[in-house]
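User: I've got a new model open and would like to talk through how its helices and rings pack. Can you take me through it?

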Amino acid sequence: MARSRTIIVAGAGIGGLAAALALIRAGFRVVVIEQAERLEEAGAGIQLSPNATGILLALGAGDHLKYRAVAPDAIRVMRAASAREVARVPLGRAAELRYGAPYWVIHRADLQAGLIEALEATPDFVLRLGCKVEDFAVHAHGVTVQARGRSAVIDEHGIALIGADGLRSTVRGKLGDRRPPRFRHRTAWRALIAADRAPPQAREAATVLWLGPDAHLVHYPVKGGQMINLVAIVSDDRRIAGWSAAGRRADLVARFSGWHEDARALIAAPQTWLRWSLYDRPHPRPWGVGPVSLLGDAAHAMLPFLAQGGAMAIEDAAVLAGCLARHSENPAAGLRLYEGLRRGRTARAQRHARRNGRVYHLKGPAAFARDLALAVLGGGRLLGRYDWLYDWRP
């Protein structure tokens, strides 16, 4: 009897779909189980640094993503009160030459759609929507996963289960780690506006980061430059349920009342703002058991201040596929190798994200010293400080 080559992935987010594509390219069949009834346009934009885009291009997803993405020329760091440019970090062609892959910004829904297109071109991909993984049982032949759909409970059998089911991962809880995510006393607000309705300074092909006291604002073009993605992050002790709670524009405008008029014009432009609370999560104990492991936010959710949550999940996917291909006769050994390879790097990214969150929101003399240090370093040396992150290969 031929050994199964099916791997089950819980979750059809960025990490789960990237894992499915990487595993299929490595010779496996993949069943992705997703609790949403349909994959629809939701969420914010995402920055894909070269450590992530290099993987996506190598997996053959480039043709499905290039026309949806924008390659910004630079990251511009702005002072909130004066709109003065503190630093300009070169991206575009300079970053692609330095790291061997481009730096992209893209809407999450477009990234998800591009990955689905690449996956649907293969015969080894199965997507089960409207099903939530509830439990699993490990046995001599691998793992059986129980998932509940709208009208029935289904069983899926495979040689491994990968929990890519997000911040509040069911798979992580079933592995025994039920510690809750850590609330980080920040709220993120997001909005999209048509580029032709945006103030002129927001239309350039750049990622623009405004730094102010206890808050920051970031914006960049998405959807091939047709829309502008805005994310404002403020200190906030209130916990907000869900990922898309409605926010009152007037509340956000008031929060940024002391900022330069250019920033305030951007914040006032969208009619609709959505909010969510920010959390991170320590590495799981255990990360995996037998033929079961975790990936992406389920394993190492991080704050967005390094713009690496999605990139780390994509890296996870590439390393996971390589380790399982190397240990195809013993998936548990492949998963332990994967976990060991990913632990240190993802922990470092989490630490840097937390540090950036503190630095971004400084005020008074500390903020002045931060801006002076950024200006003295200059864009080229600032980019070099991220070589450890962007210049990475699986």
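**Helix packing and ring pairs**

Analyst: Sure. Helix 1 crosses helix 10 in a right-handed sense. Keep in mind that we're looking at a predicted model.

User: Are helix 1 and helix 10 roughly parallel or roughly perpendicular to each other?

Analyst: Their axes sit 8 Å apart and make an angle of about 30°. Angles under 35 degrees count as roughly parallel. Helix 1 and helix 10 are therefore roughly parallel.

User: How many nonpolar residues are in the contact of helix 1 with helix 10?

Analyst: On the helix 1 side you'll find I14, G15, A18, A19, A22 and L23, and they meet G310, A313, I314, A317, A318, L320, A321 and L324 of helix 10. Gly counts as polar. Sorted by class, this contact has no charged residues and two polar ones, and the nonpolar count is 12.

User: What about helix 1 and helix 5: which residue classes make up that contact?

Analyst: The axes of helix 1 and helix 5 (residues 108-120) come within 10 Å and cross at roughly 25°, which makes helix 1 roughly parallel to helix 5. Helix 1 contributes I14, L17, A18, A20, L21 and I24, while helix 5 brings R108, L111, Q112, L115, I116, A118 and L119. Broken down by class, the contact of helix 1 with helix 5 has one charged, one polar and 11 nonpolar residues.

User: Is the crossing of helix 1 and helix 5 left-handed or right-handed?

Analyst: Helix 1 passes helix 10 in a right-handed crossing. For helix 1 passing helix 5, the crossing is left-handed.

User: Is helix 2 roughly parallel or oblique to helix 10?

Analyst: The axes of helix 2 (residues 50-58) and helix 10 (residues 309-326) come within 9 Å, crossing at roughly 45°. That angle makes helix 2 oblique to helix 10.

User: Which residues of helix 10 does helix 2 meet?

Analyst: Helix 2 passes helix 10 in a left-handed crossing. From helix 2, the residues involved are N51, A52, I55 and L56, and in helix 10 they meet A311, M312, I314, E315 and A318.

User: On to the rings. How are the planes of F256 and W259 arranged?

Analyst: Searching the whole structure turns up eight aromatic pairs. F256 and W259 form one with 4.5 Å from centre to centre and 70° between the planes. Planes over 60 degrees apart count as edge-to-face. The F256 and W259 pair is edge-to-face.

User: Is W259 buried or exposed?

Analyst: Its partner F256 is at 0% relative accessible area, so F256 is buried. W259 comes in at 6%, and the cut-off for buried is under 20%. That puts W259 down as buried.

User: How many residues apart in sequence are the parts that the W287 and Y338 pair ties together?

Analyst: The W287 and Y338 rings have centres 5.9 Å apart and planes at 80°, so this pair is edge-to-face. Both W287 and Y338 are buried. W287 is in the loop between strand 17 (273-280) and strand 18 (292-294), and Y338 is in helix 11 (residues 331-360), so the parts tied together are 51 residues apart in sequence.

User: Where is V234, and is V234 buried or exposed?

Analyst: V234 is part of strand 15 (residues 227-235). Leaving out residues up to four places away in sequence, V234 touches H185, R186, T187, W189, D214, A215, R255 and F256. With 5% relative accessibility, V234 counts as buried.

Note on methods
Residues are numbered from 1 along each chain as its sequence is written. This is a predicted model: local features need pLDDT of at least 70, side-chain atom pairs count only at pLDDT 80 or more; totals for chains, interfaces and linings use all residues. Side-chain values use heavy atoms; hydrogens and water are left out. Axes are lines fitted to C-alpha atoms, for helices over the stretch in contact, and angles run from 0 to 180 degrees between N-to-C directions. Helices (H or I, at least four residues) and strands (E, at least two) are DSSP runs, numbered from the N terminus. Angles under 35 degrees count as roughly parallel, over 145 as roughly antiparallel, 65 to 115 as roughly perpendicular and the rest as oblique. A crossing is left-handed if the near helix is turned anticlockwise from the far one by less than a right angle, and right-handed if clockwise. Contact means heavy atoms within 4.5 Å. Rings of Phe, Tyr and Trp (its six-membered ring) pair if their centres lie within 6.5 Å; planes under 30 degrees apart count as stacked, over 60 as edge-to-face and the rest as tilted. Buried means under 20% relative accessible area, exposed over 50%, partly exposed in between (1.4 Å probe, protein chains only).
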